[in-house]
Amino acid sequence: MAPLLRSAAPLSAARRTARLSTAPLRTALRAVVRTLLILPLALLVCFAGPAAAAQWSTEDLTVPVSPDGTLVTFSEKEVKTGRKLFNESCGTCHAGGITKTNQNVGLDPETLALATPARDSVDALVDYMKDPTSYDGEYSIADVHPSLRSSDVFVKMRDLDDEDLRLIAGYILVAPKVQGIQWGGGKIYF
């Protein structure tokens with residue numbers, strides 16, 4: 001088989017000269033384009049390092065552990081784990097601290113404090129996630145609200161242990177300190 005040969009007409013002297021004269025311009029253009037592509041990335045690397053990351057204070061991470069006012073300080077890792085567990089287990093109905101099924105009852109600190117019994121501490125929230133009651137505390141709502149008591153119906157609760165519930169409760173109590181009024185703000189923000 002004969003090799004395929006490309007036949008090209010020889011370039012005229014004028015075309016060769018024109019190509020040679022535009023070569024520096026093409027090279028300069030390529031350099032400008034590369035710079036425009038690389039410059040934003042370089043700025044991002046320089047100014048978006050660890051120093052620009054959100055820093056949570058000890059005050060933000062400290063919440064009541066029991067109704068008597070005893071405090072506990074969660075680590076950032078614990079809060080992030082709690083957020084993940086919350087989003088997986090509770091986030092469908094409580095995204096952003098609201099309650100989609102009842103807009104009048106959210107997970108904001110004021111609403112939790114006014115429940116009977118008050119649910120504004122880690123222990124109280126863990127107790128609620130084990131066996132939930134109505135907002136006034138009069139009757140159990142375990143049949144309609146996910147809980148460990150009703151894990152046969154609400155399968156997402158099956159794999160949660162006491163430590164997972166503690167981390168979820170910690171996240172619920174830390175979130176309003178970090179997100180402000182957006183946590184539990186309902187349709188205004190979401």
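# A guided tour, starting at helix H6

Start by selecting helix H6: here Val122, Ala124, Leu125, Val126, Tyr128 and Met129 are buried. Keep in mind as you look around that this is a predicted model. Now show what lies over those residues. The cover on the buried residues of H6 includes strand E1 (62-64), strand E2 (71-73), H5 and H7.

Stay on this helix and click on aspartate 127, which is also found in H6. Is it buried, partly exposed or exposed? Aspartate 127 is partly exposed, because its relative accessible area is 42%. To find a partner further along the chain, add arginine 166 to your selection. The two residues are 39 apart along the chain, and their C-alpha atoms are separated by 9.8 Å.

**Zoom out to the whole chain**

Colour the model by secondary structure and count along with me. The protein chain has seven helices and two strands. Following the sequence, you will meet them in the pattern α-α-β-β-α-α-α-α-α. The chain holds 190 residues, and buried residues make up 31% of them. Switch on the surface, and you are looking at an accessible area of about 12900 Å², with 62% of it belonging to carbon and sulfur atoms. How do the contacts spread along the sequence? Taking those between residues at least 6 apart in sequence, 47% join residues at least 24 apart.

**Into the largest pocket**

Next, select His94, Thr99, Tyr128, Ile141 and His145. Of the 33 residues lining the largest pocket, these are the closest to its centre. Tyr128 is one you have already met, as one of the buried residues of H6. The volume of this largest pocket is about 780 Å³. Which elements give two or more residues to its lining? They are helix H3 (76-89), helix H4 (91-94), helix H5 (109-114) and helix H6 (122-130). Colour the lining by residue type and you will find 19 nonpolar residues, 12 polar ones and two charged ones.

**A stop in helix H3**

From the pocket, move to valine 79, which sits in helix H3. Valine 79 counts as buried because its relative accessible area is 4%. Show its surroundings: leaving out residues up to four places away in sequence, valine 79 touches Trp56, Leu61, Phe74, Tyr171 and Val174. Then add alanine 169 to the view. Valine 79 and alanine 169 are 90 residues apart in sequence, yet 9.3 Å apart in space from C-alpha to C-alpha.

**The loop between the strands**

Select serine 66 now; it lies in the loop between E1 and E2. Is serine 66 buried or exposed? Serine 66 counts as buried, because its relative accessibility is 11%. Its side chain makes a polar contact of 2.4 Å with the side chain of aspartate 68. Beyond residues up to four places away in sequence, serine 66 touches Ser121 and Asp123. Draw a line from serine 66 to serine 121: these two are 55 residues apart along the chain, and their C-alpha atoms are separated by 5.3 Å.

**A cis peptide bond**

Follow the chain to threonine 116 and proline 117. What kind of peptide bond joins threonine 116 and proline 117? The bond is cis, with omega at about -10°. This is worth pausing over, since most peptide bonds are trans. Proline 117 belongs to the loop between H5 and H6.

**Two serines after H6**

Finish in the loop between H6 and H7, where you will find serine 134. With a relative accessible area of 8%, serine 134 is buried. Its side chain and that of aspartate 136 are joined by a polar contact of 2.5 Å. Not counting residues up to four places away in sequence, serine 134 touches Thr116, Tyr139 and Ile141. You know Thr116 from the cis peptide bond, and Ile141 from the group closest to the centre of the largest pocket.

The last selection is serine 147, in the loop between H6 and helix H7 (162-179). Serine 147 counts as buried, because its relative accessibility is 0%. Look for the polar contact of 3.0 Å between the side chains of serine 147 and serine 150. Leaving aside residues up to four places away in sequence, serine 147 touches Met129, Lys130, Asp131, Pro132, Ala142, Phe154 and Met157. With Met129 you are back where the tour began, among the buried residues of H6.

Key
Residues are numbered from 1 along each chain as its sequence is written. This is a predicted model: local features need pLDDT of at least 70, side-chain atom pairs count only at pLDDT 80 or more; totals for chains, interfaces and linings use all residues. Side-chain values use heavy atoms; hydrogens and water are left out. On a 1 Å grid over the protein atoms alone, a cavity is a set of points where a 1.4 Å probe fits but cannot get out, and a pocket is an open set with protein on both sides within 12 Å along at least five of seven lines; lining residues have an atom within 4 Å of a point. Grid points are joined across faces, edges and corners, and a volume is the space filled by probe spheres set on the points. Helices (H or I, at least four residues) and strands (E, at least two) are DSSP runs, numbered from the N terminus. Ala, Val, Leu, Ile, Met, Phe, Trp, Tyr, Cys and Pro count as nonpolar, Asp, Glu, Lys and Arg as charged, and the others, Gly among them, as polar. Buried means under 20% relative accessible area, exposed over 50%, partly exposed in between (1.4 Å probe, protein chains only). Contact means heavy atoms within 4.5 Å. Accessible areas come from the Shrake-Rupley method with a 1.4 Å probe; for residues, only the protein chains shown count as cover. A polar contact is a pair of N or O atoms within 3.5 Å; within protein, one must be able to donate a hydrogen and the other to accept it, and residues adjacent in sequence count only if both atoms are side-chain atoms.
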